[in-house]
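Let's take a walk through this model together, from its cysteines out to its helices and loops. Keep the viewer open as you read.

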Amino acid sequence: MSNTTEKPRILTGDTPTGSLHLGHYVGSIENRVAMQDEYDCYFILANVHALSTRAHEPAEVSADCISIVKDYIAAGIDPQRSTVFVQSEVPAIAELTWYFAMLLGYGRLMKNPTIKDEIRVKNLGENYSFGFLLYPVGQIADILTFTPQFVPVGEDQVPHIEMTREIARRFNQLYCGVDPQTPDEDYVEAGGVFPIPQAKAGRIARLTGIDGTHKMSKSLGNAIMLSDSPKEVTKKCNKIFTGRGTMDDPPVLEGNTVIEYLRAFHPDQAQVDQMVGSYENSEIGDGVLKKEAGRVINELLEPMRERCAATSDDDVRDILRDGTKRANELAERTLWEAKQAMDYDFFGRGLSID
Ligand code: TRP
């Protein structure tokens, strides 16, 4: 095994859609940064999946891969310890997608609530590509190729992890002779190629955008980006909708987005308790809370800005080349083991990508 670290492995990733915002940070990135010490981390840039809705702009997707890696580095992901790689350059994933697709019923796929939601939210109607339906199977392969114990993801991805677990059990039962009664944690011990991975949620599942209403999202224009300048952050925090119509209305505590941000980002929660108390008694107004939110968010982002400025596009390419090489070593080994289990290991194979 090239994984000589003996640490449990995690695999997670993103569909590259450009830069990251604070919602990504508290939902997942922060968690990944913290996990680097105790886990062998693999982070996939799902640039093939991105084509499921952006087949007309592959060059833009490639540019988005570079931006997202810069944000990873800025946020504290350490490419020495963690493996960051590009999906399209790991052919074993595409091969395993085929084999897994044969183990998944079409009806089962169409019951996946995330797929149904995406069709609705993205207004795809009947006009989605065949590849769009294939992407959850691809995601099963993204995960199982790296035989991780855990998959840190947001709540919306949990149905995909459920399907991944089902396919891992099925493969192991069908091709490795694992008894269906085997407890999930014992599948590898019982001779399976794939461990049954578990989802792991982030600290905050949903961060509201500065409109005070919708989930933070770049496309809705309500996001604070990790790459925003101090001025932009201050300006955006001043715009946060706090739930009250005019300053004569009583302060709203429930669902107040500035308070949500102070809870999410303030390092001293006792101080937040105090401020919220004063706010409730109308001793301080929205402006004070907004200013404090802007201050703590800027404090969080400052070291990220410095790291981002110190990372060039060439650095990112080097990081991806190294990471993808390491990813291919593990991926090829898993594919080989899977093919052996299936009795499809006709010839040996050597993969070289540079
Ligand atoms: N579908 C995920 C998203 O859009 C991204 C992703 C692709 C992923 N492959 C993965 C996440 C494997 C976790 C594991 O957020």
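C41 has 0% relative accessibility, so it counts as buried (buried means under 20% relative accessible area, exposed over 50%, and partly exposed in between, with a 1.4 Å probe and protein chains only). Its sulfur has that of C65 as the closest cysteine sulfur, but at 19 Å the two are too far apart for a bond. C308 is in no disulfide either, with the sulfur of C65 again the nearest cysteine sulfur, 16 Å away. At 23% relative accessibility, C308 counts as partly exposed. Search the whole structure and you find zero disulfides, a disulfide being a pair of cysteine sulfur atoms within 2.5 Å.

Before going further, a word on what you are looking at. This is a predicted model, in which local features need pLDDT of at least 70 and side-chain atom pairs count only at pLDDT 80 or more, while totals for chains, interfaces and linings use all residues. Residues are numbered from 1 along each chain as its sequence is written, and side-chain values use heavy atoms, with hydrogens and water left out.

Now zoom out. The chain's secondary structure adds up to 13 helices and five strands; these are DSSP runs numbered from the N terminus, with helices being H or I of at least four residues and strands E of at least two. With a radius of gyration of 22 Å, close to the 20 Å that the globule rule gives for 354 residues, the chain is as compact as a globular protein of that length. That radius is taken over C-alpha atoms, and the rule is 2.2 Å times the number of residues to the power 0.38. Along its principal axes, the C-alpha trace spans about 75 × 45 × 40 Å.

How much of the chain is buried? Of its 354 residues, 48% count as buried. As for the outside, the chain exposes about 17,300 Å², and carbon and sulfur atoms supply 52% of that (areas come from the Shrake-Rupley method with a 1.4 Å probe, and for residues only the protein chains shown count as cover). Contact here means heavy atoms within 4.5 Å. Among contacts in the chain with a separation of 6 or more, 74% come from residues 24 or more positions apart.

Charges next: there are 37 positive and 53 negative ones, and their mean positions are 3 Å apart. Lys and Arg count as positive and Asp and Glu as negative, leaving out His and the chain ends; each charge is placed at NZ of Lys, CZ of Arg, CG of Asp or CD of Glu.

Helix 2, residues 47-54, is a good place to look inside. Its residues N47, H49, A50, S52 and R54 are buried. The buried residues of this helix pack against strand 2, helix 3 (58-75), strand 3 (83-86) and helix 7 (130-144). Take H49, which counts as buried at 10% relative accessibility. Leaving aside neighbours within four places in sequence, H49 is in contact with T15, Q87, Y135, G138, Q139 and D142. One of these, G138, is 89 residues from H49 in sequence, yet their C-alpha atoms are 7.8 Å apart.

Further down the sequence, L330 is found in helix 13, residues 313-342. With a relative accessible area of 3%, L330 is buried. Not counting residues up to four places away in sequence, L330 touches R9, Y42, T145 and F146. Its C-alpha is also 9.6 Å from that of A92, although 238 residues separate the two in sequence.

Let's finish with the loops. E38 is in the one between helix 1 (22-35) and strand 2 (40-45), and its relative accessible area of 57% makes it exposed. Even so, E38 touches K7 and P8, not counting residues up to four places away in sequence. The C-alpha atoms of E38 and I10, 28 residues apart along the chain, are separated by 10.0 Å.

Which backbone angle stands out at N123? N123 has a positive phi of about 55 degrees although it is not a glycine. This residue lies in the loop between helix 6 (113-121) and helix 7, and is exposed, with a relative accessible area of 70%. S282 also has a positive phi, near 60 degrees, without being a glycine. Look for S282 in the loop between helix 11 (269-280) and helix 12 (286-309), where it counts as exposed at 52% relative accessibility.
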